[in-house]
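Got the viewer open? Let's take a walk through this one, one selection at a time.

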Amino acid sequence: MPYIVKIPQFEGPLDQLLTLAQQGQVDLREIPLAHIAEAYLAGTEHKVDLEEATEVLWMLAAMIEMKSRLLVPKPQTPAEPLPVEEEPSDLEARLEEKLQEYRVFKEVASALRALEDYQHRIFARPPGDDPNAVFLEGVTLDDLFRAFQQVLERAREEVGEIAAEEVKVAERMESILTLLAQHPQGVLFRDLFAAAATKLQVIVTFLALLELIKNRRVRAQQPQTFAPIRIALATT
Amino acid sequence: MTIPNGLVPQRDDVNLDELKRAAESILLVSGGPVTVDQLVEALGVPPQTVHALLWELQQDYGGRGIQIQTLAGGYQLCTRPELALYVQRFLRLDHREPLSQAALETLAIVAYRQPITRAEIEAVRGVRSDHILERLLERHLIRDVGRKQALGRPILYGTTEGFLRYFGLKDLGDLPVLEGNDPRGALGGMAPSPQASSVEGSGAV
């Protein structure tokens with residue numbers, strides 16, 4: 001959701017303020033940007049939405065840049081006569097056209113928002129092997145964690161001396177990718193952990209797997225709750 | 001609730017009610033959307049009959065917990081939106097994160113004006129959009145569809161099939177149309193244009 005600005009001079013979404021400023025419809029010299037920033041920061045004390053924060057930060061920075069340009073005095077006498085300015089009416093028409101174009105997409109976006117909202121509230125069985133599928137289909141972090149615990153449990157049963165060895169996450173990532181390349185249909189989560197794995201190996205393997213999922217190199221799929229989790233190479 | 005006679009093959013043993021129930025069971029066992037072609041093959045009836053059967057089936061679902069949706073690729077059984085809370089609780093799924101407003105606007109521009117370059121998108125939005133485009137690419141909502149024959153050969157973007165599924169659309173023609181302000185017509189986005197013909201390397205999907 002866009003961040004809503006509420007100051008005496010302007011009330012509405014921040015991105016609209018930016019658009020209006022860029023199109024010269026709002027005089028930034030009259031807009032206290034510091035107040036907007038302070039109000040936003042005050043709001044983030046309870047809850048920070050990183051995506052929104054990024055956008056707000058970016059838009060404020062853009063407006064600060066524009067405002068600073070406005071405040072810097074311009075050279076009084078140009079060395080040469082100014083080139084003939086575009087007919088004001090023409091300029092206005094073009095601005096109006098631009099604004100109109102943007103407005104149309106804003107409207108379309110809200111229509112798409114309604115569709116998105118509807119689709120987010122309905123569920124279907126996930127398609128089988130679809131390259132565009134969601135990367136963690138039906139698998140929650142809890143499921144992965146539970147599966148990890150089971151593997152760890154097994155590792156714990158192996159009592160004995162553990163030889164010092166160094167297992168690197170990057171190496172494990174490579175070996176998982178190699179293994180998956182040999183099994184286009186994917187392998188079961190538990191098969192990634194060799195039977196005799198030490199606790200350290202299990203942990204490194206799990207970290208490597210999380211890293212691969214994060215990097216979208218592999219997909220984890222669980223057809224049903226509590227069903228075995230299958231890991232496969234991301235096909236895109 | 002009956003189907004006009006002309007749509008059914010002239011066979012007495014074809015029981016429409018059975019075919020309808022057969023279509024229903026196929027939708028149930030399928031992992032994803034079922035195409036009309038697949039149903040034509042499985043049921044042994046012409047496409048018009050398939051459409052009619054599914055239409056009837058959809059009527060039968062009135063007041064039930066599931067429904068049939070037509071989206072990219074075909075028909076799909078899915079739950080009803082008003083039951084989302086229960087389904088989410090059962091699947092232990094969080095509320096799905098919606099797209100940010102900026103991402104949605106950018107996606108709208110790509111959808112209606114594709115194929116389109118980043119610079120063209122930015123000209124409409126008035127702000128830089130590279131970061132947002134990257135996120136849309138990551139989510140497989142848009143893809144690289146080729147390069148424009150212009151200075152620097154910029155990448156052209158278009159929407160994916162995942163985009164259609166994300167918004168529950170049959171195809172691009174199913175995008176919302178706005179009265180008098182249809183960006184496709186007014187801005188000449190979707191119609192074949194010289195720009196479109198200069199796209200190359202768009203074969204990869």
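Start in chain A and select A:Phe189, A:Phe193 and A:Phe206: ring pairs link these residues into a cluster. Keep in mind as you look around that this is a predicted model.

Now narrow the selection to A:Phe189 and A:Phe193. Their rings sit 5.2 Å apart, centre to centre, with 55° between the planes, and that makes the aromatic pair tilted. Are these two buried or exposed? A:Phe189 has 4% relative accessibility, so it counts as buried. A:Phe193 also comes out at 4%, and so it counts as buried too.

**Across the chains**

There are 6 aromatic pairs over all chains. For another of them, select A:Phe105 together with B:Tyr112. The ring centres are 6.5 Å apart and the planes meet at 65°; an angle over 60 counts as edge-to-face, so that is what this pair is. Which helices does the pair connect? A:Phe105 belongs to helix H4 of chain A (residues 88-120), while B:Tyr112 belongs to helix H5 of chain B (residues 101-113), so you are looking at a pair that crosses between chains. Try a surface view here: A:Phe105 has 1% relative accessibility and therefore counts as buried, and B:Tyr112, at 0%, counts as buried as well.

**The sheet in chain B**

Stay with H5(B) and show what it lies across: strands S3, S4 and S5 of chain B. The helix runs at about 95° to S5(B). Now colour the strands. They make up an open sheet of 3 strands in the order S3-S5-S4, with antiparallel pairing. Which strands are at the edges? Those are S3 (116-117) and S4 (142-147) of chain B, each of which pairs on one side only.

Zoom in on S4(B) and its partner S5(B) (residues 155-159): the two run antiparallel and are joined by 5 bridges. To find a spot along them, click on B:Gly146, which stands opposite B:Leu156 in S5(B).

**A helix with two sides**

Last stop: helix H4 of chain B, residues 84-91. Select B:Ala84, B:Val87 and B:Gln88, which are buried. Why do these three belong to the same side of H4(B)? Because they cover an arc of only 100° around the axis. Spin the view to the other side of H4(B) and you'll meet B:Leu85, B:Tyr86, B:Arg89 and B:Phe90, which are exposed. Then step just past the end of H4(B) to B:Arg92, where phi is positive, at about 55°.

Definitions and conventions: Residues are numbered from 1 along each chain as its sequence is written. Chains are lettered from A and ligands numbered from 1 in the order in which they are written. This is a predicted model: local features need pLDDT of at least 70, side-chain atom pairs count only at pLDDT 80 or more; totals for chains, interfaces and linings use all residues. Side-chain values use heavy atoms; hydrogens and water are left out. Buried means under 20% relative accessible area, exposed over 50%, partly exposed in between (1.4 Å probe, protein chains only). Helices (H or I, at least four residues) and strands (E, at least two) are DSSP runs, numbered from the N terminus. The arc is that of the directions from the helix axis to the C-beta atoms. Rings of Phe, Tyr and Trp (its six-membered ring) pair if their centres lie within 6.5 Å; planes under 30 degrees apart count as stacked, over 60 as edge-to-face and the rest as tilted. Two strands pair if DSSP finds at least two bridges between them. Contact means heavy atoms within 4.5 Å. Axes are lines fitted to C-alpha atoms, for helices over the stretch in contact, and angles run from 0 to 180 degrees between N-to-C directions.
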